[in-house]
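Have the model open and turn it as you read. We'll start at one edge of a sheet, then work out to the whole chain and the pair.

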Protein chains: 2
Amino acid sequence: MFTRIDHIGIAVEDLDASIALYDEIYDLKLVHRETVEEQGVEAVLLDVGENHVELIAPLGPDTGVAKFLAKKGSGMHHIAYQVEDIESEIARLKASGIVMIDNEPRTGIRGSRVAFLHPKSTGGVLTELTEPAKDHH
Amino acid sequence: MFTRIDHIGIAVEDLDASIALYDEIYDLKLVHRETVEEQGVEAVLLDVGENHVELIAPLGPDTGVAKFLAKKGSGMHHIAYQVEDIESEIARLKASGIVMIDNEPRTGIRGSRVAFLHPKSTGGVLTELTEPAKDHH
């Protein structure tokens with residue numbers, strides 16, 4: 001069961017310029033900043049009620065997000081649904097024919113456990129399952 | 001104040017095929033279906049907790065969503081933040097330098113009042129404010 005939209009991931013060229021928009025103008029609270037080397041990004045989380053915006057900027061030109069920006073420009077990159085039990089959700093989706101990028105959860109931002117669905121199974125939408133760490137929602 | 005992510009708008013070629021994914025496989029509840037002539041789309045809303053996914057399919061080849069699909073393919077089209085008082089949010093954003101597509105609210109799906117921000121002000125993200133009708137959240 002997907003319990004809410006956990007976050008929307010937005011790819012940006014300039015993290016600080018984007019924070020100025022989301023934090024200062026939209027007035028969303030910046031709650032976390034992290035370099036996720038494995039995914040080649042520096043990322044921040046901002047609260048929107050119980051949901052989040054995740055701004056992601058590439059660490060270098062060979063990263064997936066840098067290639068996304070070069071091809072499509074800044075904009076929405078992925079949608080993440082929150083789940084309570086990520087292993088059972090992965091199993092349920094695979095049984096329904098969904099192809100997963102991650103057949104096992106891996107560590108995402110702020111200690112979450114995450115798994116991506118393959119866009120060829122999702123109408124082109126890069127889609128993530130997120131099980132938050134116990135001290136976050 | 002943005003109180004939550006109201007919905008993510010996802011542009012699709014085939015509404016019924018997409019409903020099969022979101023309703024039957026993801027198990028999100030389809031709660032509304034509407035033809036929005038003004039925006040040139042047929043749209044459905046599905047619940048994800050207190051958030052929604054809005055699937056939008058073009059009514060004809062000259063619509064904005066048909067052009068989006070031709071250029072970018074199916075995928076995330078816009079993000080909508082929920083607000084309680086849309087006029088005051090429009091005024092607040094304009095005072096911060098945001099250029100609005102809609103300087104006054106207009107009627108959106110399911111009786112909501114909506115206004116779009118111009119993507120040139122938002123780092124390329126088509127962004128909507130949504131004040132839901134009183135009988136919906």
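In this predicted model, A:V36 sits opposite A:V41, a residue of β3(A). The two strands involved are β2(A) and β3 (residues 41–48) of chain A, which run antiparallel and share seven bridges. A word on terms: strands here are DSSP runs of E with at least two residues, helices are runs of H or I with at least four residues, and both are numbered from the N terminus. Two strands count as paired if DSSP finds at least two bridges between them.

Now zoom out to the sheet. It is open, has eight strands with mixed pairing, and reads β2-β3-β4-β1-β5-β8-β7-β6 in chain A. At its edges are β2 (29–36) and β6 (106–107) of chain A, each paired on one side only. Chain B has an open sheet of eight strands too, in the order β2-β3-β4-β1-β5-β8-β7-β6 and with mixed pairing. Its edge strands are β2 and β6 (106–107) of chain B, each with pairing on one side only.

Let's follow β3 in chain B, since it has a partner on either hand. The table sets the two pairings side by side.

| Pair in chain B | Sense | Bridges | Residues between the strands | Turn glycine, phi |
|---|---|---|---|---|
| β2(B) (residues 29–36) and β3(B) | antiparallel | seven | four | B:G40, positive, about 70 degrees |
| β3(B) and β4(B) (residues 51–58) | antiparallel | eight | two | B:G49, positive, about 60 degrees |

Both of these pairings are hairpins. For landmarks, find B:K29, which stands opposite B:D47 in β3(B). On the β4(B) side, B:E42 has B:A57 as its bridge partner, and B:A43 has B:I56. Is strand β3 of chain B enclosed or open to the outside? Six of the eight residues of β3 (residues 41–48) in chain B are buried, so the rest of the structure largely encloses the strand. Buried means under 20% relative accessible area, exposed means over 50%, and partly exposed lies in between (1.4 Å probe, protein chains only).

For another look at a buried spot, go to A:T130 in strand β8 (residues 127–131) of chain A. A:T130 has a relative accessibility of 3%, so it counts as buried. Leaving out residues up to four places away in sequence, A:T130 touches A:D6, A:H7, A:A80, A:Y81, A:Q82, A:V83, A:S112, A:R113 and A:V114. Contact means heavy atoms within 4.5 Å.

What about chain A as a whole? It has three helices and eight strands, and along the sequence they come as β-α-β-β-β-α-β-α-β-β-β. The C-alpha atoms of chain A fill a box of roughly 40 × 35 × 25 Å along the principal axes. A compact globule of 137 residues would have a radius of gyration near 14 Å, and the 15 Å of chain A agrees with that. That radius is taken over C-alpha atoms, and the globule rule is 2.2 Å times the number of residues to the power 0.38. Of the 137 residues in chain A, 53% are buried. Among contacts in chain A with a separation of 6 or more, 53% join residues 24 or more positions apart.

Finally, the pair. A turn of 180 degrees with a shift of 0.0 Å along the axis lays chain A on chain B with an RMSD of 0.0 Å. That is the relation of a two-fold axis. The copies are superposed by least squares on the C-alpha atoms of residues with pLDDT of at least 70 in both. Which residue of chain A comes closest to the rotation axis? It is A:M76, with its C-alpha at 3.4 Å. Both copies use the same surface, as 100% of the contact residues of chain A recur in chain B.

The contact takes 36 residues from chain A and 36 residues from chain B. About 2,700 Å² is buried between the two chains, and carbon and sulfur atoms give 66% of that. In chain A, the residues losing the most area to chain B are A:I25, A:Y26 and A:M76, which together make up 25% of what that side buries. Buried area is the accessible area (1.4 Å probe) that two parts lose on being put together, summed over both.

Some housekeeping: residues are numbered from 1 along each chain as its sequence is written, and chains are lettered from A and ligands numbered from 1 in the order in which they are written. Local features need pLDDT of at least 70, side-chain atom pairs count only at pLDDT 80 or more, and totals for chains, interfaces and linings use all residues, while side-chain values use heavy atoms, with hydrogens and water left out.
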